[in-house]
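Reader: Please give me a close look at one part of this model: a helix, what packs on it, and the strands and loops further out. Keep it brisk, and give me the cut-offs.

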Amino acid sequence: MGSYSRHLRCKDESSWVAAANTWLAERKQKYNAQSVYLPAGETPKALYKDWQAQNHGFLKGLKFIQIDDVATGPKKHIFRQFFIDHLASYQKQMSFFDKGDEVADLAILGLGMNGHVAFHEPGIQTEFFSGCLPLTNKTLEVLDLEKGTWGQTFGLGAFLKTKSILMIVRGAKKESVVERMMAADKELPAAALLKHSDFTLITDF
């Protein structure tokens, strides 16, 4: 485990959103952070809804870097559209996935059912920084994507370079994969993040 790792168990939506906001405000100040990797998907929707409604001061001046997207097929760039829809007030601060060469100060991440982080799938080397990858059947099933779809993504090699990582995991169906991650199961890409010096996990179970 990293030198500063913690697990915050928040039983309701308002609690985990508040905890995530506190993490971001504190880390922005502590590290003089200018940028943060952001995930798309169901997990962070409530957080982004709060950002849209509350106009938090700590969000000002931050660069939001999209961490992944669907690269091929009929749902290409659906995550870009997600950010356009759910962070409409912050489009000037958004950096959509382009060359995959940006290093952020902070990272907010989710966790896939097979232990993937962004689209860094099982079996990919920890050092992978960014690029295009074929998505696993499990990921295709969860996202309702056609077989053979590829993703473009930042990987663990990028996230481990940040000064602080927040992982948000929602839903009891992910409890078992969290347990495996916290037990440092090497089959799960996410387990490598436990080595980070400042790692925080928020769950709602």
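Author: **Helix α2 and its surroundings**

Start with N21, which is in contact (heavy atoms within 4.5 Å) with L47, D50, W51, H56 and F58, once neighbours within four places in sequence are left aside. This is a predicted model, in which local features need pLDDT of at least 70, side-chain atom pairs count only at pLDDT 80 or more, and totals for chains, interfaces and linings use all residues. Residues are numbered from 1 along each chain as its sequence is written, and side-chain values use heavy atoms, with hydrogens and water left out.

N21 sits in helix α1, residues 13-31. Helices (H or I, at least four residues) and strands (E, at least two) are DSSP runs, numbered from the N terminus. Is N21 buried or exposed? N21 is buried, because its relative accessibility is 9%. Buried means under 20% relative accessible area, exposed means over 50%, and partly exposed lies in between (1.4 Å probe, protein chains only).

The N21 side chain makes polar contacts. One, of 2.9 Å, is with the side chain of D50. Another, of 2.8 Å, is with the side chain of W51. A polar contact is a pair of N or O atoms within 3.5 Å; within protein, one must be able to donate a hydrogen and the other to accept it, and residues adjacent in sequence count only if both atoms are side-chain atoms.

Now turn to α2. Which residues of α2 are buried? They are A46, L47, Y48, D50 and W51. Thus D50 and W51 are buried, and N21 touches both. The buried residues of α2 pack against α1, β2, β3, α3, β6 and β9 (164-169). After α2 comes N55, with a positive phi near 55°. Most residues other than glycine have a negative phi.

Next, the packing of α2 on α3. Helix α2 spans residues 45-54 and helix α3 spans 78-86; the two pack at an angle of about 40°, with axes 10 Å apart. That angle makes α2 oblique to α3. Under 35 degrees counts as roughly parallel, over 145 as roughly antiparallel, 65 to 115 as roughly perpendicular, and the rest as oblique. Axes are lines fitted to C-alpha atoms, for helices over the stretch in contact, and angles run from 0 to 180 degrees between N-to-C directions.

Who makes the contact? From α2 come K45, Y48 and Q52; from α3 come F82, F83 and H86. By class, these residues are 3 nonpolar, 2 polar and 1 charged. Ala, Val, Leu, Ile, Met, Phe, Trp, Tyr, Cys and Pro count as nonpolar, Asp, Glu, Lys and Arg as charged, and the others, Gly among them, as polar.

Helix α3 has its own buried set: F79, F82 and F83. Seen down the axis of α3, these residues fall within an arc of 95°, so they line one face of the helix. The arc is that of the directions from the helix axis to the C-beta atoms. An α-helix has 3.6 residues a turn, so residues three or four places apart point the same way. The cover over the buried residues of α3 includes β2 (35-38), α2, β3 (63-66), β4 (68-70), β5 (94-95) and α4 (137-143).

Just ahead of α3 is a loop that follows β4, and H77 lies in it. H77 is not glycine, yet its phi is positive, near 65°. H77 is partly exposed, with a relative accessible area of 29%.

Strand β2 is among the elements that the buried residues of α2 pack against. S35 is found in β2. At 9% relative accessibility, S35 counts as buried. The S35 side chain reaches the backbone nitrogen of D105 at 3.1 Å. Beyond four places in sequence, S35 is in contact with L62, K63, I65, V103, A104, D105 and L106.

Strand β6 is another element that the buried residues of α2 pack against. The loop between β6 and β7 holds A118. A118 is buried, at a relative accessible area of 10%. A118 too has a positive phi, about 55°, although it is not a glycine.

The loop between β6 (106-109) and β7 (130-134) also holds F128. F128 counts as buried, at 16% relative accessibility. Apart from neighbours within four places in sequence, F128 is in contact with H120, L133, T153, G155, L156, G157 and A158. Of these, T153 is 25 residues from F128 in sequence and 9.8 Å away in space, C-alpha to C-alpha.
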